[in-house]
Amino acid sequence: NYKAVNTLGYMGRYQFGRKTLRGLGYNVSKSEFLNSPTLQEKAMMDLLEHNQKILKRYIDYWDGRTIGGDTITESGILAAAHLAGPTNVKRYFMHGHNFSDAYGTKLTKYLHTFSGYDIKLN
């Protein structure tokens with residue numbers, strides 16, 4: 001749903017926060033963002049590519065390995081980075097810190113749920 005806004009103010013199909021959008025160089029209003037599926041798709045691709053660069057070392061090492069019965073994949077790592085930020089993904093792999101968002105969703109749920117997707121990034 002491109003027009004969705006959750007109770008914390010995260011917007012659009014991929015639930016972007018304003019801070020993340022600004023960090024990616026998007027200076028758009030809430031209305032502009034919610035009314036442009038094209039902009040939302042571009043922002044998601046930009047975020048995936050940004051996080052892929054930041055987490056390259058972790059992706060290269062962990063992709064295909066198993067933790068707690070779950071196979072770790074690049075798509076799961078990038079989904080977890082979207083939920084928790086790349087710093088919290090690094091903390092998980094280095095120290096086992098399993099970040100939870102404001103709704104209680106754990107980083108490991110994203111690692112599991114979004115594991116094994118074939119993503120095409122530059």
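# A guided tour from Q40 to the pocket

Begin by selecting Q40 and R13, where the side chain of Q40 reaches the backbone nitrogen of R13 at 2.8 Å. Keep in mind throughout the tour that the model on screen is predicted.

**Stop 1: around Q40.** Colour residues 37–54, which form helix α3, and Q40 will be found within that helix. Is Q40 buried or exposed? With a relative accessible area of 0%, Q40 is buried. To see what is packed against Q40, show Y2, G12, R13, Y14, F16, F33 and L34, which are its contacts once the neighbours within four places in sequence are left aside.

**Stop 2: helix α5.** Next select residues 74–84, which make up helix α5, and note that 10 of these 11 residues are buried, so the helix is largely enclosed by the rest of the structure. The buried residues to display are E74, S75, G76, I77, L78, A79, A80, A81, L83 and A84. Which helices help to cover them? Among the elements that do so are α3, α4 (56–62), α6 (86–95) and α7 (107–113), and showing these together with α5 lets you look at the covering from several sides. Before leaving, select G85, which follows α5 and has a positive phi near 90 degrees.

**Stop 3: the largest nonpolar core.** This core has 28 residues, and the members that touch the most other members are I77, V89, F93 and L111, which make a useful selection to centre the view on. Helices α2 (30–34), α3, α4, α5, α6 and α7 each supply at least two residues of the core, while α5 gives the most to it, with 6 residues. To follow one of these members outward, keep L111 selected and add I72, G76, I77, A80, Y92 and F93, all of which L111 touches when residues up to four places away in sequence are not counted.

**Stop 4: helix α6 and its buried face.** Now select P86, N88, V89, Y92 and F93, the buried residues of α6. Why do they line one face of the helix? Turn the view until you look down the axis of α6: its buried residues fall within an arc of 165 degrees, so they line one face. The general background is that an α-helix has 3.6 residues a turn, so residues three or four places apart point the same way. What covers the buried residues of α6 includes α3, α4, β1 (66–67), α5 and α7. Just after the helix, G96 takes a positive phi of about 80 degrees.

**Stop 5: N88 and L107.** Stay with α6 and select N88, which is found in this helix and counts as buried at 11% relative accessibility. The side chain of N88 is joined to that of R91 by a polar contact of 3.0 Å. Leaving aside its neighbours within four places in sequence, N88 is also in contact with H97, F99 and L107. Move on to L107, which belongs to helix α7 and is buried, with a relative accessible area of 0%. Not counting residues up to four places away in sequence, L107 touches A80, L83, A84, N88, V89, Y92, N98 and F99. For a sense of distance, select N6 as well, since the C-alpha atoms of L107 and N6 are separated by 19 Å, although the two residues are 101 residues apart along the chain.

**Stop 6: the largest pocket and Q15.** About how much space lies in the largest pocket? The value is about 1,100 Å³. Of the 37 residues that line this pocket, select Y14, Q15, L47, H82 and L83, which are the closest to its centre. The elements that give two or more residues to the lining are α1 (18–23), α3 and α5. Linger on Q15, which lies in the segment before α1 and counts as partly exposed at 26% relative accessibility. The phi of Q15 is near 55 degrees, a positive value in a residue other than glycine. By way of background, most residues other than glycine have a negative phi.

**Stop 7: out to G23.** Finish by selecting G23 in helix α1, which counts as exposed at 66% relative accessibility. Add R65 to the selection: the two C-alpha atoms are separated by 31 Å, and the residues lie 42 residues apart along the chain.

Terms used: Residues numbered from 1 in each chain as written. Predicted model: local features only at pLDDT ≥ 70, side-chain atom pairs only at ≥ 80, totals over all residues. Heavy atoms only, no water. Helix = DSSP H or I, 4+ residues; strand = E, 2+ residues; numbered from the N terminus. Buried < 20%, exposed > 50% of the residue type's maximum accessible area, 1.4 Å probe, protein only. Polar contact = N/O pair within 3.5 Å; in protein donor to acceptor, adjacent residues only side chain to side chain. Contact = heavy atoms within 4.5 Å. Core = buried A, V, L, I, M, F, W, Y, C linked by side-chain atoms within 4.5 Å. Arc of directions from axis to C-beta. 1 Å grid on protein atoms, 1.4 Å probe; cavity = no way out; pocket = protein on both sides within 12 Å on 5 of 7 lines; lining within 4 Å. Points joined across faces, edges and corners; volume = space filled by probe spheres on them.
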